[in-house]
Amino acid sequence: MSDAATTPASALPVAGTAYGLGIGPGEPDLITLKAYNILQKADVIAYPALEDGASLARQIVAQHVPDGRIEIAIRITMGQPADPIYDAAALEIGEYLKAGKNVAVLCEGDPFFYGSFMYLFGRLAEAGHPVQTVPGVSSMMACAAQLGAPLAARNDVLQVIPGPLSEERLRAQLGDTDAAAIIKLGRHFAKVRKVIEELGLTDRARYIERATLETQKMIPLGDLPADATAPYFSMILIHRRGDAWR
Ligand SMILES: C[S@@+](CC[C@H](N)C(=O)[O-])C[C@H]1O[C@@H](n2cnc3c(N)ncnc32)[C@H](O)[C@@H]1O
């Protein structure tokens with residue numbers, strides 16, 4: 001007979017919960033009270049990190065994390081398949097949950113808006129672990145606020161367009177857009193800029209990088225030098241009328 005079968009149920013640890021915590025786009029104050037309170041009580045904190053351990057998510061909450069927490073840096077290696085990394089992370093988190101520990105998974109912006117947390121969410125939920133998602137202030141909302149550029153009004157259709165799409169697809173999506181947020185620029189910036197230019201939308205486009213962080217930069221797209229580059233944490237907002245209130 002297994003230990004579990006012989007141990008009274010009351011002596012077994014109550015399973016912990018994994019929380020996908022939206023922690024906002026960068027400025028530490030843009031975390032919600034709910035996420036902050038969960039962070040204070042979590043036994044374990046997990047977050048995506050680069051190969052060298054650097055993590056924007058961990059950096060955002062630096063001033064909010066109590067001492068002595070167990071930390072799991074989920075190191076994503078560029079160019080390597082991500083599935084085995086998420087498989088291993090979900091197993092590690094699952095062990096803590098089975099031991100009754102609560103795990104906060106830090107998610108930049110909102111967890112379910114293009115957030116990598118969803119890959120853990122799927123694995124943990126399918127394995128039967130309790131998982132909750134706490135929404136956060138998404139970068140798209142933060143970029144609009146910082147730029148003073150409302151995203152959409154009235155019957156505008158707002159599109160979210162990933163920069164890695166092909167030139168043809170970008171042209172098709174942007175061709176009849178009312179309003180768009182183009183994300184994941186990075187090495188796709190020059191291609192995106194070319195399509196915007198060809199469609200005559202440059203004077204309707206605003207560029208912002210690292211919104212709400214101390215290193216934030218923002219500028220009308222047309223004012224950037226022709227050879228400008230963009231980091232991954234950057235975005236272009238476009239509104240066909242120039243301003244959504246017009
Ligand atoms: C994988 S998506 C994750 C989005 C995130 N879950 C959110 O809700 O904002 C990453 C993209 O979001 C955008 N992004 C995230 N944080 C940003 C910031 N602080 N400033 C500008 N863009 C940001 C960039 O376009 C980046 O390539």
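The ligand is surrounded by 17 residues, each with a heavy atom within 4 Å of the ligand, and the closest of them are Glu108, Asp110, Ser139, Tyr232 and Ser234. The model is predicted, so that local features need pLDDT of at least 70 and side-chain atom pairs count only at pLDDT 80 or more, while totals for chains, interfaces and linings use all residues. Residues are numbered from 1 along each chain as its sequence is written, and side-chain values use heavy atoms, with hydrogens and water left out.

**Polar contacts (pairs of N or O atoms within 3.5 Å)**

- A nitrogen atom of the ligand lies 2.7 Å from an N or O atom in the side chain of Glu108, and a nitrogen atom of the ligand is 2.8 Å from a polar backbone atom of Phe113.
- An oxygen atom of the ligand is 2.6 Å from a polar side-chain atom of Ser139.

**Cover**

- Of the 560 Å² of accessible area that the ligand has on its own, the protein covers 95%, with areas taken from the Shrake-Rupley method and a 1.4 Å probe.

**Surroundings**

- Helix H6 (139-147) and strand S10 (234-239) are the elements that give two or more residues to the shell around the ligand, where helices are DSSP runs (H or I) of at least four residues and strands (E) of at least two, numbered from the N terminus.
- Because domain 1 (3-137) and domain 2 (140-239) both give residues to this shell, the ligand lies between them, the bounds coming from an automatic or database domain assignment.

Notes. A polar contact is a pair of N or O atoms within 3.5 Å; within protein, one must be able to donate a hydrogen and the other to accept it, and residues adjacent in sequence count only if both atoms are side-chain atoms.
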